[in-house]
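User: I'd like to learn how to read pockets, cavities and packed helices in a protein model. Can you take me through them step by step?

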2 protein chains.
Amino acid sequence: MQPKRNTWQREAVRASLAQARGFVSAQQLHQALRDGGSTIGLATVYRTLASLVETDEADTLQSPEGESLYRSCATKGHHHHLICRGCGDTVELSANLVEEWSQRVGAEHGFTEIDHVVDLFGLCARCRAKGDGAAA
Amino acid sequence: MQPKRNTWQREAVRASLAQARGFVSAQQLHQALRDGGSTIGLATVYRTLASLVETDEADTLQSPEGESLYRSCATKGHHHHLICRGCGDTVELSANLVEEWSQRVGAEHGFTEIDHVVDLFGLCARCRAKGDGAAA
DNA sequence: TTTCTAAATGAGAACGAGTCTCACTCTAGC
DNA sequence: GCTAGAGTGAGACTCGTTCTCATTTAGAAA
Ligand SMILES: [Mn+2]
Ligand SMILES: [Mn+2]
Ligand SMILES: [Zn+2]
Ligand SMILES: [Zn+2]
């Protein structure tokens with residue numbers, strides 16, 4: 001359920017999420033806010049993120065490790081992401097090709113109400129230069 | 001690290017996983033084995049599944065709820081899945097279209113070591129008939 | 001076959017992300 | 001201003017997963 005009242009906590013989450021370059025976890029966001037002097041509670045961060053997702057003000061996805069990550073995306077409609085494993089930096093992608101493929105393949109096998117998870121992970125140019133993320 | 005010894009526990013996990021139609025969780029697998037009279041431990045099920053994934057004897061993916069699911073797939077190489085939300089039944093998919101798109105899009109944005117998560121979820125014909133999964 | 005050793009196991013403790021509870025706070029409508 | 005009740009937050013709780021470590025056992029060596 002989305003909230004009916006405007007609180008500084010809600011605004012703080014929105015702001016902190018907006019200034020993050022890429023996807024962040026609820027815990028990271030909470031820590032960042034606390035580090036910035038806020039007294040916001042973890043439960044509130046979770047609640048607010050959930051409500052932002054509900055109203056499409058934020059996107060969410062599961063990290064490969066199974067943690068929920070959140071992002072305030074510029075693109076409004078349905079889209080996908082290319083995410084840097086090193087720094088979390090994210091590129092928004094539209095993928096009509098994949099949308100159509102998904103629907104077609106689902107229908108071919110008699111499936112309905114088809115949903116899809118499509119995320120790309122890689123190493124951005126900057127992180128490659130820095131040697132992050134991949135070097136053993 | 002993959003084990004060097006053959007234990008009945010390892011074989012039991014392999015067998016139980018093989019006879020499962022679709023993706024199953026470690027806990028489900030453990031319960032099924034216990035129900036079948038086995039005394040196998042939960043930690044062993046987790047360890048064995050991890051090692052089967054390491055040797056490509058099993059595929060793994062994160063459920064939308066963030067739980068790790070496992071499957072013993074018929075297809076050997078890289079492929080994707082169309083999974084029924086109702087019964088877990090799974091269709092293996094090859095998707096050259098998506099493989100190429102993924103590489104191309106990644107390269108276009110200067111990313112390297114591109115990996116991708118591509119899973120389709122839907123309702124299979126049988127479950128739709130039964131009214132599973134979607135009806136409120 | 002018997003012996004030996006370290007790999008493997010499993011019960012239970014520990015961990016961590018996320019949810020829930022409920023007394024307290026503060027927004028916003030009057 | 002008052003006030004109802006939406007929103008908050010500390011901390012308890014859930015649950016998937018990993019860790020610990022005493023015990024078992026696969027399998028190589030004798
Ligand atoms: Mn899509
Ligand atoms: Mn692929
Ligand atoms: Zn990067
Ligand atoms: Zn089904």
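Analyst: Sure! Let's start with a term: a pocket is an open set of grid points with protein on both sides within 12 Å along at least five of seven lines, and its lining residues have an atom within 4 Å of a point. Keep in mind that this is a predicted model.

User: Which residues line the second largest pocket?

Analyst: They are A:Met1, A:Pro3, A:Lys4, A:Arg5, A:Thr7, A:Gln9, A:Arg10, A:Thr44, A:Arg47, A:Thr48 and A:Ser51. The volume of this pocket is about 190 Å³.

User: Which helix gives the largest share of that lining?

Analyst: That's α3(A), with four residues. Both α1 (8–19) and α3 (42–54) of chain A supply at least two residues each. Sorted by class, the lining has five polar, four charged and two nonpolar residues.

User: And cavities? How many of 30 Å³ or more turn up in the whole structure?

Analyst: The general idea is that a cavity is a space where a 1.4 Å probe fits but cannot get out. Here the search finds one of 30 Å³ or more. The largest cavity holds about 40 Å³ of space.

User: What lines the largest cavity?

Analyst: Look in chain A for A:Asp56, A:Glu57, A:Ala58, A:Asp59, A:Cys73, A:Thr75 and A:Lys76. Four residues of this lining are charged, two are nonpolar and one is polar.

User: Now the helices. What describes two packed helices?

Analyst: You use the angle between their axes and the distance between the axes. Try it on chain A: the axes of helix α2 (residues 26–35) and α3(A) come within 9 Å and cross at roughly 125°.

User: Why are α2(A) and α3(A) called oblique to each other?

Analyst: Compare the angle with the cut-offs: over 145 degrees is roughly antiparallel, 65 to 115 is roughly perpendicular, under 35 is roughly parallel, and the rest is oblique. The angle is roughly 125°, so α2(A) and α3(A) are oblique. The crossing of α2(A) past α3(A) is right-handed.

User: Which residues make that contact?

Analyst: From α2(A) you have A:Ala26, A:Gln27, A:Leu29, A:His30 and A:Leu33, and from α3(A) come A:Leu42, A:Val45, A:Tyr46 and A:Leu49. Seven are nonpolar, two are polar and none is charged.

User: At what angle do α2 and α3 of chain B pack?

Analyst: About 125°, with the axes 9 Å apart. That pair is therefore oblique too, and α2(B) passes α3(B) in a right-handed crossing.

How values were computed:
Residues numbered from 1 in each chain as written. Chains lettered and ligands numbered in written order. Predicted model: local features only at pLDDT ≥ 70, side-chain atom pairs only at ≥ 80, totals over all residues. Heavy atoms only, no water. Axes fitted to C-alpha atoms, helices over the stretch in contact; angles between N-to-C directions. Left-handed = near helix turned anticlockwise from the far one by under 90°. 1 Å grid on protein atoms, 1.4 Å probe; cavity = no way out; pocket = protein on both sides within 12 Å on 5 of 7 lines; lining within 4 Å. Points joined across faces, edges and corners; volume = space filled by probe spheres on them. Nonpolar A, V, L, I, M, F, W, Y, C, P; charged D, E, K, R; others polar. Contact = heavy atoms within 4.5 Å.
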